[in-house]
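Thanks, everyone. Please have the sequence and the structure open while I talk. I'll go through it piece by piece.

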Amino acid sequence: MELEKSGRQCEHAMSGQDALISWLYGHAAGRMLLRPLVSPWFSRAGGWLLNTRLSALAVQPYVRANQIDLSVCKKQEFRSFNDFFTRELIPGARPVDGRPEAWISPCDARLTVFPISREGSFAVKHTPYTVESLLDGSDLAEHYIGGTLWMYRLCVDDYHRYIYPADGVKSSNLHIPGVFHTVNPIAGEAEPIYKKNTREYCVIRTENFGTILMMEVGAMLVGRIENREPSSAKVRRGQEKGNFAFGGSTILILSQPGRIAPSEAIMQNSRAGIETRVRMGEAVGYAYGKEGGR
């Protein structure tokens with residue numbers, strides 16, 4: 001599938017939402033109102049509402065507004081809005097690139113890659129981070145210094161199930177409690193959201209791509225990160241790993257230096273500050289030394 005330069009495409013039709021987020025994060029009065037909105041109880045309350053039968057009335061207007069194709073879903077009628085939001089696609093709707101050297105996207109998303117410096121730092125929307133702060137001080141951080149951070153940002157109109165990008169053995173999941181800032185780029189310019197938000201990660205030892213770290217980050221109104229396998233286990237490329245409940249979300253993957261090369265198009269877009277629209281299962285990079293990998 002041809003990759004699509006999207007920039008902030010998922011907010012293109014939501015200028016009103018952008019204006020609200022700018023006010024919430026950019027003004028003193030907005031920041032006071034923001035405090036309860038990013039709290040876990042607010043996301044839990046939103047999740048409860050979206051699980052009610054009454055919320056199913058919002059599905060069809062939402063589908064029309066976002067031009068969502070339900071023909072590729074296993075069902076077209078839903079008992080709640082969250083039932084729709086966590087819908088499952090029919091087999092083959094997201095084909096998985098089976099080449100051993102191909103590094104695939106774990107989800108539908110807007111992808112940006114960031115080099116991790118020799119000091120273990122990187123910057124997202126001019127906001128500085130360290131791998132250590134992202135992992136809440138874990139000593140795993142040292143394994144990814146000089147590597148690459150892959151940021152897959154899911155918008156509310158994306159498919160919110162995600163898969164394992166490679167065969168391997170995963171560790172148990174580690175949960176880091178936090179708040180629920182929106183992952184809209186406007187918020188990322190004001191807050192270090194990826195070290196404040198609730199998140200969960202595991203480490204996966206793979207055959208072709210080294211040891212990767214895969215992290216799911218919750219966002220505003222995402223009351224649950226629903227991973228299928230909490231314990232250590234063998235996993236396979238394309239196997240469903242989990243899903244997010246309602247709201248925009250992010251998956252972050254850390255790869256070790258010299259193991260995975262992003263595609264040239266994604267590298268160029270990322271250097272220019274442009275997100276690239278990708279689909280679950282498609283190749284977005286290669287093992288170094290394979291198919292253009294350095």
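One term before we start: a residue is called exposed when its relative accessible area is over 50%, and buried when that area is under 20%. Take D136. Its relative accessible area is 57%, so D136 is exposed. You will find D136 in the loop between α6 and β6. Its phi is near 55°, a positive value in a residue other than glycine. Most residues other than glycine have a negative phi. Q67 is another such case, with a positive phi near 50°. Q67 sits in the loop between α4 and α5. At 74% relative accessible area, Q67 is exposed too.

Now the overall picture. Keep in mind that this is a predicted model. The protein has 294 residues, and 54% of them are buried. It holds nine helices and 18 strands. Of the contacts with a separation of 6 or more, 76% are between residues 24 or more positions apart.

How confident is the predictor? The average pLDDT is 83, and 76% of the residues score at least 70. Then there is the start of the chain. Over residues 1-9, pLDDT stays under 50. The model still gives that stretch 31 contacts beyond four places in sequence. Residues 11-17 are also below 50, with six contacts beyond near neighbours in sequence. Where pLDDT is low, the predicted coordinates should not be read in detail.

Next, strands β4 and β5. Which side chains of β4 are buried? F122 and V124 are, and they point to one face. S121 and A123 point to the other face and are not buried. That fits the general pattern: in a regular strand the side chains alternate between the two faces of the sheet. β4 pairs with β5 in the antiparallel sense, over four bridges. S121 stands opposite T130 in β5. The two strands form a hairpin with two residues between them. In the turn, K125 has a positive phi of about 50°.

On to helix α9, residues 264-271. Here I266, M267, N269 and S270 are buried. Why do these four lie on the same side of α9? Because they cover an arc of only 170° around the axis. After α9 comes G273, with a positive phi near 75°.

Now charges. Side chains of opposite charge can pair when their charged atoms come close. How many salt bridges are there? The count is twelve. I'll show three.

First up, K74 and E88. Their closest N and O atoms are 3.2 Å apart. K74 is in the loop between α4 and α5, E88 is in the loop between α5 and β2, and 14 residues separate them. K74 is exposed, at 51% relative accessible area. E88 is partly exposed, at 33%.

Next, R94 and D108. Here the closest N and O atoms are 2.8 Å apart. R94 lies in the loop between α5 and β2, and D108 in the loop between β2 and β3. D108 has 3% relative accessibility, so it counts as buried.

Then E216 and K241, a salt bridge at 3.0 Å, N to O. This one joins two strands: E216 is in β11 and K241 is in β14, 25 residues apart. Are these residues buried or exposed? E216 is buried, at 0% relative accessible area. K241 is buried as well, at 1%.

Some salt bridges share partners. K74, E88, R161, R228 and E240 are joined this way into one network.

Last topic, the aromatics. The structure holds eight aromatic pairs. One of them is Y162 with F244. The ring centres are 5.2 Å apart and the planes are at 50°, so by the rule of 30 to 60 degrees the pair is tilted. Y162 lies in β7 and F244 in β14, so the pair ties together parts that are 82 residues apart in sequence. Both Y162 and F244 are buried. Elsewhere, ring pairs link Y62, F78, F81 and F84 into a cluster.

To go back over the strand links: β14 carries K241, which bridges to E216 in β11. β14 also carries F244, which pairs with Y162 in β7. That's my tour. Over to you.

Conventions
Residues are numbered from 1 along each chain as its sequence is written. This is a predicted model: local features need pLDDT of at least 70, side-chain atom pairs count only at pLDDT 80 or more; totals for chains, interfaces and linings use all residues. Side-chain values use heavy atoms; hydrogens and water are left out. Buried means under 20% relative accessible area, exposed over 50%, partly exposed in between (1.4 Å probe, protein chains only). The arc is that of the directions from the helix axis to the C-beta atoms. A salt bridge is a side-chain nitrogen of Lys or Arg within 4 Å of a carboxyl oxygen of Asp or Glu. Rings of Phe, Tyr and Trp (its six-membered ring) pair if their centres lie within 6.5 Å; planes under 30 degrees apart count as stacked, over 60 as edge-to-face and the rest as tilted. pLDDT is the predictor's confidence in each residue, from 0 to 100. Contact means heavy atoms within 4.5 Å. Two strands pair if DSSP finds at least two bridges between them.
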